[in-house]
Amino acid sequence: MKRILSIDGGGIRGLIPALILAEIEQKTGKAISASFDLIAGTSTGAIIALGISKDDGNSKPQYSARDLAEIYQSRGQEIFSRSLLKRVSSVGGLTDELYSHKGLDQVLDEYFGDAPIGLGLTKTLVTSYDIRERKPIFFKSWREEYRSVLMKHAARASSAAPTYFEPVLIPIGGVDRALIDGGVFMNSPSVSAYAEAKKIFGDNEEFFLLSLGTGQVTDSISFSEAKDWGKASWLSPLLSCMFDGVSDAADYQMNMFLGDRYVRLQTDLERASPDLDNATKVNINNLKAEAKRMIRTHQTEIDLACRLITAS
């Protein structure tokens, strides 16, 4: 049986799947990179996917899942840092991106250096979108055209969320591609990961897929509230609806494809902010609490996943 891991986008909420993976590593006694044959991620999920697969130079993982959770806890405010000038000049993200990319670039450079995705410990799939060519980009670590792309560049491209960070130019095959967050078309990469796995390993192979969410928004939007919204008012809710809707559709499809060999771990956000950029200490603690609650309420599914990824 081939095992696939899919990690949603969600900005600072990536702390939740990182802590879930830390729990799985503790239960199985195995590194996540050794437990899965293919790991896929979008946006913040791409950072986790690439971090998990990074080789320390001795064919062992450089980072544990708990190491990656530390990015959100100790570096979140650096990534989502905004000066007063930026607040004023961007008009809350209406006329310019909310955040400078420098904090994110610094963190990605520190964690990934100049490691290419082709030298990861397991096959890795990362999503992005080319705004010039108007088409999705799938960074596939096993494909020759992407093997030399740096992990930090793939992570930066996949996490360039519109209105939050500016698009980024990434060289692919000698051509600079203008890329943004893969969440604009695929916030949950589970279906694409499954399709790629079938191409890599064959239709006759059995598959197990674990899909990790970053928490979902439960606040409803009333008709009376939304009916008079214009572009400015719709901007934030639209991104939220788009991300959640795409993830829910992927969940439905994967249930149809794999049934009992598919596990989706997701939780309603009861305490934590749904905002992608809320890196305050209070919200970090709330996200940790959401992860603990998710582990507690989904213990049966987590135990099932652990059994399937450790089975011979």
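Author: A residue counts as buried when its relative accessible area is under 20%. Keep that cut-off in mind for this predicted model.

Reader: What makes helix α8 largely enclosed by the rest of the structure?

Author: The count of buried residues does. Helix α8 covers residues 151–158, and 7 of its 8 residues are buried, so the helix is largely enclosed.

Reader: Which residues of α8 are buried?

Author: They are Met-151, Lys-152, Ala-154, Ala-155, Arg-156, Ala-157 and Ser-158.

Reader: Now the aromatic rings. How many aromatic pairs are there?

Author: There are 10 aromatic pairs. Ring centres must lie within 6.5 Å to pair.

Reader: Why is the pair of Tyr-63 and Tyr-111 called tilted?

Author: The ring centres are 5.2 Å apart, and the planes stand at 45°. Stacked needs under 30 degrees and edge-to-face over 60. An angle of 45° meets neither limit, so the pair is tilted.

Reader: What does the pair of Tyr-63 and Tyr-111 tie together?

Author: Tyr-63 sits in the loop between α3 (44–53) and α4 (65–79), while Tyr-111 belongs to helix α6 (residues 102–112). The pair therefore ties together parts that are 48 residues apart in sequence.

Reader: How do you know whether Tyr-63 is buried or exposed?

Author: Its relative accessible area is 12%. The limit is under 20%, so Tyr-63 is buried. Tyr-111 has 15% relative accessibility and also counts as buried.

Reader: Why is the pair of Tyr-194 and Phe-207 called edge-to-face?

Author: The planes of Tyr-194 and Phe-207 are at 90°, with ring centres 5.8 Å apart. Over 60 degrees counts as edge-to-face, so the name fits. Tyr-194 lies in helix α9 (residues 190–201) and Phe-207 in strand β7 (residues 207–212), 13 residues apart. Both residues are buried. Together with Phe-201 and Phe-257, they form one aromatic cluster.

Reader: How do you know that the span of helix α13 agrees with its length?

Author: Helix α13 (residues 299–310) has 12 residues, which at 1.5 Å a residue should span 16 Å. The end C-alpha atoms are 16 Å apart, so the two agree.

Reader: What makes the buried residues of α13 line one face?

Author: The buried residues are Ile-302, Ala-305, Cys-306, Leu-308 and Ile-309. Seen down the axis of α13, they fall within an arc of 170°, so they line one face. In general, residues three or four places apart in an α-helix point the same way, because there are 3.6 residues a turn.

Reader: Which exposed residues does the face turned away from the buried side of α13 carry?

Author: That face carries Thr-300 and Arg-307. On the buried side, the cover includes β1 (2–7), α1 (15–28) and α12 (281–297).

Conventions:
Residues numbered from 1 in each chain as written. Predicted model: local features only at pLDDT ≥ 70, side-chain atom pairs only at ≥ 80, totals over all residues. Heavy atoms only, no water. Phe/Tyr/Trp six-rings, centres within 6.5 Å; stacked < 30°, edge-to-face > 60°. Helix = DSSP H or I, 4+ residues; strand = E, 2+ residues; numbered from the N terminus. Buried < 20%, exposed > 50% of the residue type's maximum accessible area, 1.4 Å probe, protein only. Expected span 1.5 Å × (residues − 1). Arc of directions from axis to C-beta. Contact = heavy atoms within 4.5 Å.
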